[in-house]
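Me: I am new to this structure and would like a close look at one aromatic side chain and its partner. Could you start there, and then lead me on to other places that deserve a careful reading?

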Amino acid sequence: MNTFGAVFLAALALATATRLWLAARHVSYVRAHRAQVPEAFAAEIGLDEHQKAADYTCAKTRLAMTEVAFDAAVLIALTFGGALQWLHEVSSAWLADGVGRGLLLLVMVGALMTALEVPFGIYRTFIIETRFGFNKMTPALYALDFGKSIALALAFGLPLGAIVLWLMARAGDYWWLYAWFTWIAPLFNRFSPMQDPELKERVERLMARCGFRVKGLMVMDGSRRSSHGNAYFTGFGTSKRIVFFDTLLARLNAGEVEAVLAHELGHFKLRHVVKRMAWLAVASLALLWLLGWIMQQPWFYHGLGVQAASTAMALVLFSIVLPQFTFALQPLGALMSRRHEFEADRFAAEHASARDLVTALIKLYRDNAATLTPDPLHSVFYDSHPPAVTRIARLKGA
């Protein structure tokens, strides 16, 4: 192990310990506040519903803690344990040097990581989600979705991987710049036009007030898989569509749906999506440049237990090393996201009813068993949305 290997091991240990500590704090805090509904929600959410949300949060967090520890062990096995070097030797024995061998290595690593994640996905869906009444998936539907995900990963990932590997090998020192330049939901769900004429008219009036045009209002059969509800936009320019989960429409009245939609419109009108895409573009360019430099350094490979350098191995190592060093930046992304949520709430309060948004959010918190009492530090580090108590208080003061 060289100096870089020791630095990586220290970063992995620190990130893993921090993740476990934050999760343990979160479970402890939620359990400590399980016995009483926060005063701001006492009239709308019963104690049994609050306790269900607390137990659901704790169950998910405990599983996440197991995954964090397991993932750290897997990373050590892949690097210092020699698993990646062995996979390289297998791919070298099967294929000559080139893009094909690189793709084989990426596929083998991807298949291994996917196989290791399957038990956690099954437990999450059929134990935790079923226990708390959210899961609507059958084993057959789960297997079908899993098969579609694999097919999509191969259909899109293999050509993209081949292009990137070719650029890395043939495009010279500036391959990372070329690589930077370089609608799958319908495969999983069924979409149909919104049928409720009153709600449709109300939504269209809201969009007219906000100067927003879309190509269609669609309803997605999310209830086939889960009882969780949501709404989102898809597409760009004149092809934008609004998609509502059928579960959301079943729970909220017309005014509440309008308020939720106004919040989502706020993200678009305030250019939150554009700002995030611009930030991602800049960050991806910087990371590709870093990869282009570090892949030429022998110590990068040797420090992580790999003796043979290759473009494909550089991609694999970079993808597993990077999160350990960027983990400390996560609160900054969460902070930006929470600010955007407050801004979108304010937009919704100006163009729809703040009271309707409050009642809609309370219903969604209750029906999705979202905890009302997250650990403050855990929330600062991870949460893309403001804590429920803070968010509702701001809306009531709007």
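**A close look at one ring**

Reply: F120 counts as buried, because its relative accessibility is 13% and the cut-off for that word is under 20%. Please keep in mind while reading that this is a predicted model.

The ring of F120 does not stand alone, for a search of the whole structure finds 13 aromatic pairs, and one of them joins F120 to F70. The two ring centres lie 5.3 Å from each other, and the planes make an angle of 55°, so that the pair falls in the tilted class, the one between 30 and 60 degrees. What makes this pair worth following along the chain is that it links distant parts: F70 belongs to helix α2 (residues 47–78), F120 belongs to helix α4 (residues 99–131), and 50 residues separate them in sequence. The partner has its own setting, since F70, with a relative accessibility of 31%, is classed as partly exposed.

Aromatic rings also come together in a group elsewhere, where F4, W293, W299, F300, Y301 and F325 make up one cluster. Other rings have a charged group over them: the charged end of K52 is placed over the ring of F134, at 4.9 Å from the centre, and R19 lies over the face of F327, with 4.1 Å to the ring centre.

R19 can be followed further, starting from its place in helix α1 (residues 3–32). Setting aside residues up to four places away in sequence, R19 touches V68, P323, Q324 and Y382 in addition to F327. Computed along the sequence, R19 and A64 are 45 residues apart, yet the distance between their C-alpha atoms is 9.4 Å.

From single side chains one can turn to the packing of two helices, α7 (residues 197–209) and α9 (residues 254–269), whose axes are 10 Å apart and meet at an angle of about 35°. The crossing of α7 past α9 is right-handed. On the α7 side the contact is made by L199, R202, V203, L206, M207 and R209, and these meet A254, G255, V257, E258, L261, A262 and L265 in α9. Sorted by character, the residues of this contact come to 9 nonpolar, 1 polar and 3 charged.

One residue of that contact, E258, deserves a second look within helix α9. E258 is a charged residue by type, and it is nevertheless buried, its relative accessible area being 8%. If its neighbours within four places in sequence are left aside, E258 is in contact with R202, L206, R209 and A352.

Two loop residues with an unusual backbone sign complete this tour. R271 is found in the loop between α9 and α10 (272–294), and its phi is near 60°, a positive value in a residue other than glycine. With a relative accessible area of 55%, R271 is exposed. A369 lies in the loop between α14 (354–367) and α15 (376–382) and, although not a glycine, has a positive phi of about 55°. Its surroundings are another matter, for A369 has a relative accessibility of 2% and therefore counts as buried.

Definitions and conventions: Residues are numbered from 1 along each chain as its sequence is written. This is a predicted model: local features need pLDDT of at least 70, side-chain atom pairs count only at pLDDT 80 or more; totals for chains, interfaces and linings use all residues. Side-chain values use heavy atoms; hydrogens and water are left out. Rings of Phe, Tyr and Trp (its six-membered ring) pair if their centres lie within 6.5 Å; planes under 30 degrees apart count as stacked, over 60 as edge-to-face and the rest as tilted. Helices (H or I, at least four residues) and strands (E, at least two) are DSSP runs, numbered from the N terminus. Buried means under 20% relative accessible area, exposed over 50%, partly exposed in between (1.4 Å probe, protein chains only). A charge sits over a ring if NZ of Lys or CZ of Arg is within 6 Å of the ring centre and within 35 degrees of the ring normal. Contact means heavy atoms within 4.5 Å. Axes are lines fitted to C-alpha atoms, for helices over the stretch in contact, and angles run from 0 to 180 degrees between N-to-C directions. A crossing is left-handed if the near helix is turned anticlockwise from the far one by less than a right angle, and right-handed if clockwise.
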